[in-house]
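Reader: Could you walk me through this fold, strand by strand and helix by helix?

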Amino acid sequence: MKYTFAVIAAALSAMLSPTVLSAQFSDVTDIDDLVLIYVGNRDRTEWTADKLKPYVVHTYEDGSRSWMFDGFLMIDFLTYNKAGTRVSLGEYNGPGADRQDWLNYLDAQLGTSDNRSCRALDGLIGSYIPELGRPSHRHKVVFSLPIPVSSFTEWGELDGRKLDFNNIDDKLAAMRWYVDVLLEKWKEAGFKNLDLDGIYWVKESFDQPTVDLARGLNGHIRSLGLKVYWVPYSQGKARADWRKNGIDVAYMQPNYSFWPHATIDQLDSVIEFAKSHGMGLEVEFDGYSFYRDMKGDSLVRTLPRDCCLYDVSPEFHQRFKDYVDRYEREKVFDTLPMAYYTGYQAVYDFENSPCERDRRLLDRLAAIINRRHIKSGWIKE
């Protein structure tokens, strides 16, 4: 490693926006609305500028525009190795990903070689600044951290020594190495409109081995000027102990959108849990790329039952609306930092739906997000 930790930290500090916003919705992060962008394996959406556009700027029915999400979480839980096999990045029940797989995953998220992902995002933001104005700080990016698969012994070498993931010290060494490489590659990319803000733990439930890793690594992450993010699922282990485990910013997944057996009561209980434990909340919705058969738990491709031929499924539309209705009623949008799970490309799907009700629902969410940005001071009214 050419860069010492001190050099990396200094470089990161120089990359951060000189204007630090006093956060309205969190005393830790000034990201108002963090959207998850699933990128890193070949099954995902190709995040070109066209696909990212509705995530960056929203165009309303009357033709007016406003900035959309101010934070982007680059995430995946698996990737493919050179043999074409799915391998785990920490939250997938499969064989481990090796050192080269980790590097390929990072390169796919940076997008510097194919003008996608962060590279496309950076250019897209720059293209809209003349029209929408420059926000008070640059858009922020959070990167997922690969987590070694226990017992995996073929990850590769570090400093001339083969790592063995039966050993927690070797796991930590690989993860520290990845964070350091990320910082180097981020600096090399030279993005003009993006700041690297933090590292995300892809494990959605912390068992004791994961807790041990988090407590062994999160101090190192913060020493480099980065924040630590986490989005546990509704029943995730250690979700109430997120601060003890070195997490800086945590959001709760309600998991109401995906499962047919989930009732509105589940959404209400997660709202209460998040508020009582100082956590943000996640909005979850998906589009027409995948429909869920609401009579079962499996993902199936179907045609919607009403409205237009390729609109968003009626079930997904209604559950998305339930989130917005409930969060407005409970003042969630007025008080908490928010994360957004949008499946493969749900914002794009809703914006391009031929069904007016879908586009109007996205207009409603975009107007809420715009008001949040004004309230936080990220943009001017």
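Author: Happily! This is a predicted model, where local features need pLDDT of at least 70, side-chain atom pairs count only at pLDDT 80 or more, and totals for chains, interfaces and linings use all residues. Residues are numbered from 1 along each chain as its sequence is written, and side-chain values use heavy atoms, leaving out hydrogens and water.

Reader: Over how many bridges do β4 and β7 pair?

Author: Strands are DSSP runs of E, at least two residues long, numbered from the N terminus, and two of them pair if DSSP finds at least two bridges between them. Strand β4 covers residues 71-75 and β7 covers residues 139-145. Their pairing is parallel, and the number of bridges is four.

Reader: Which residue in β7 stands opposite M74?

Author: β4 and β7 both belong to a closed barrel of eight strands, β1-β4-β7-β10-β11-β12-β13-β16. Opposite M74 stands F143.

Reader: Which helix gives the most to the largest nonpolar core?

Author: Such a core is a set of buried (under 20% relative accessible area, 1.4 Å probe, protein chains only) Ala, Val, Leu, Ile, Met, Phe, Trp, Tyr and Cys residues joined through side-chain atoms within 4.5 Å. The largest has 115 residues, with F143, W201, L281 and Y327 making the most contacts inside it. The top contributor, with 11 residues, is helix α5.

Reader: How are α3 and α4 oriented to each other, roughly parallel or roughly antiparallel?

Author: Helices here are DSSP runs of H or I, at least four residues long. α3 and α4 pack at about 15°, with axes 4 Å apart. Angles under 35 degrees count as roughly parallel and over 145 as roughly antiparallel, so α3 and α4 are roughly parallel.

Technical notes:
Buried means under 20% relative accessible area, exposed over 50%, partly exposed in between (1.4 Å probe, protein chains only). Axes are lines fitted to C-alpha atoms, for helices over the stretch in contact, and angles run from 0 to 180 degrees between N-to-C directions. Angles under 35 degrees count as roughly parallel, over 145 as roughly antiparallel, 65 to 115 as roughly perpendicular and the rest as oblique.
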